[in-house]
Amino acid sequence: MRMRSWLFAPGDSDKKMGKALGGPADIVILDLEDAVSTDAKPLARQLVCAFLQENAQDRARIWVRVNPLDGPHTLDDLVAIMPGKPGGIMLPKVYGRADVELLDNYLTAFEAMHGIERGSTPVIVLVTETAEAMFHTGDYKGAPRVVALTWGAEDLADSIGASSNRNPDGSYSFTYELARSMTVLGAAAAGVAAVETIQGDFRDLEALRLRAEKVRRDGFRGMLAIHPAQVDVINAAFTPAEDELAEAREIVALFAAHPGAGTIGWKGGMLDRPHLSRAQALLAQVGE
């Protein structure tokens with residue numbers, strides 16, 4: 001399944017959840033964490049479970065962000081939502097791989113309880129929201145259920161006591177660009193998708209387009225969204241253009257025609273095995 005756009009919707013709003021699912025987002029994340037106040041969480045859990053049950057045909061697209069494991073809410077979240085068979089779980093504010101392994105234990109128990117195939121509920125992990133987690137971004141190879149890593153800058157700033165995570169020109173300062181880089185490196189090491197964090201200004205779609213295109217070039221395979229207006233821009237940015245695909249097919253065909261070659265001349269330059277690997281990875285994104 002495609003994982004270009006991941007659109008958040010607050011779990012305490014039927015209207016916003018329905019609007020999100022009715023749009024073109026590849027994945028809709030029903031949020032039980034930051035978008036829902038503590039007092040509203042019990043109701044939000046009920047609404048999310050009901051929404052999952054009412055939209056069972058779209059199960060694979062409907063994921064849930066639960067609350068962090070270091071707080072009191074995660075098990076209550078899972079008790080409430082797992083009867084609805086969510087398509088996946090987003091785990092925020094991890095400290096390292098051990099949190100993923102604990103979540104796997106919980107999910108295995110709930111899957112058995114509710115007749116869900118064991119191990120079938122995938123996980124995306126927010127791997128940079130605590131200072132400690134930054135030192136473990138490369139530890140997720142083979143971690144159970146993990147299909148994607150993403151990052152966040154706001155909670156990281158809180159974790160280290162920073163007054164801002166931005167430079168005077170509005171760009172992320174060094175620590176947060178490091179978080180972005182460690183996420184894409186960690187995802188590559190784990191063999192899973194890297195997903196870019198949100199853009200808070202949902203009105204500036206041109207800035208979103210430029211950023212999404214840049215991070216795709218850097219190795220990201222999708223991006224989080226906080227508003228439905230962002231989804232089409234993200235989907236377009238993470239969809240390979242036809243000329244890119246044609247070039248990739250040509251490179252793959254050249255190496256197939258010369259299976260023993262380490263390098264091949266092409267368009268006035270030289271191709272080597274890394275070019276072939278990138279071409280194959282690009283085609284795999286569209287199922288070729």
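**Core and two helix pairs**

The largest nonpolar core in this predicted model has 63 residues, a core being buried Ala, Val, Leu, Ile, Met, Phe, Trp, Tyr and Cys residues joined through side-chain atoms within 4.5 Å. Buried here means under 20% relative accessible area, with a 1.4 Å probe and protein chains only. Those with the most contacts inside the core are L30, V64, L78, I81, I89, V125 and Y140.

On sources: the model is predicted, local features need pLDDT of at least 70, side-chain atom pairs count only at pLDDT 80 or more, and totals for chains, interfaces and linings use all residues. Residues are numbered from 1 along each chain as its sequence is written, and side-chain values use heavy atoms, with hydrogens and water left out.

Take I89. Leaving aside residues up to four places away in sequence, I89 touches W63, V64, V66, L78, I81, L103, L107, T121, P122, V123 and I124, where contact means heavy atoms within 4.5 Å.

Now the helices, which are DSSP runs of H or I, at least four residues, numbered from the N terminus. Helix α2 (residues 41-54) packs on helix α3 (residues 74-81) at about 35°, axes 8 Å apart; axes are lines fitted to C-alpha atoms over the stretch in contact, and angles run from 0 to 180 degrees between N-to-C directions. R45, V48, C49 and L52 of α2 meet D76, D77, A80 and I81 of α3.

The second pair is α10 (residues 242-257) and α11 (residues 273-285), whose axes come within 9 Å and cross at roughly 130°. They are therefore oblique to each other, that is, outside the ranges under 35, 65 to 115 and over 145 degrees.

Definitions and conventions
Buried means under 20% relative accessible area, exposed over 50%, partly exposed in between (1.4 Å probe, protein chains only). Helices (H or I, at least four residues) and strands (E, at least two) are DSSP runs, numbered from the N terminus.
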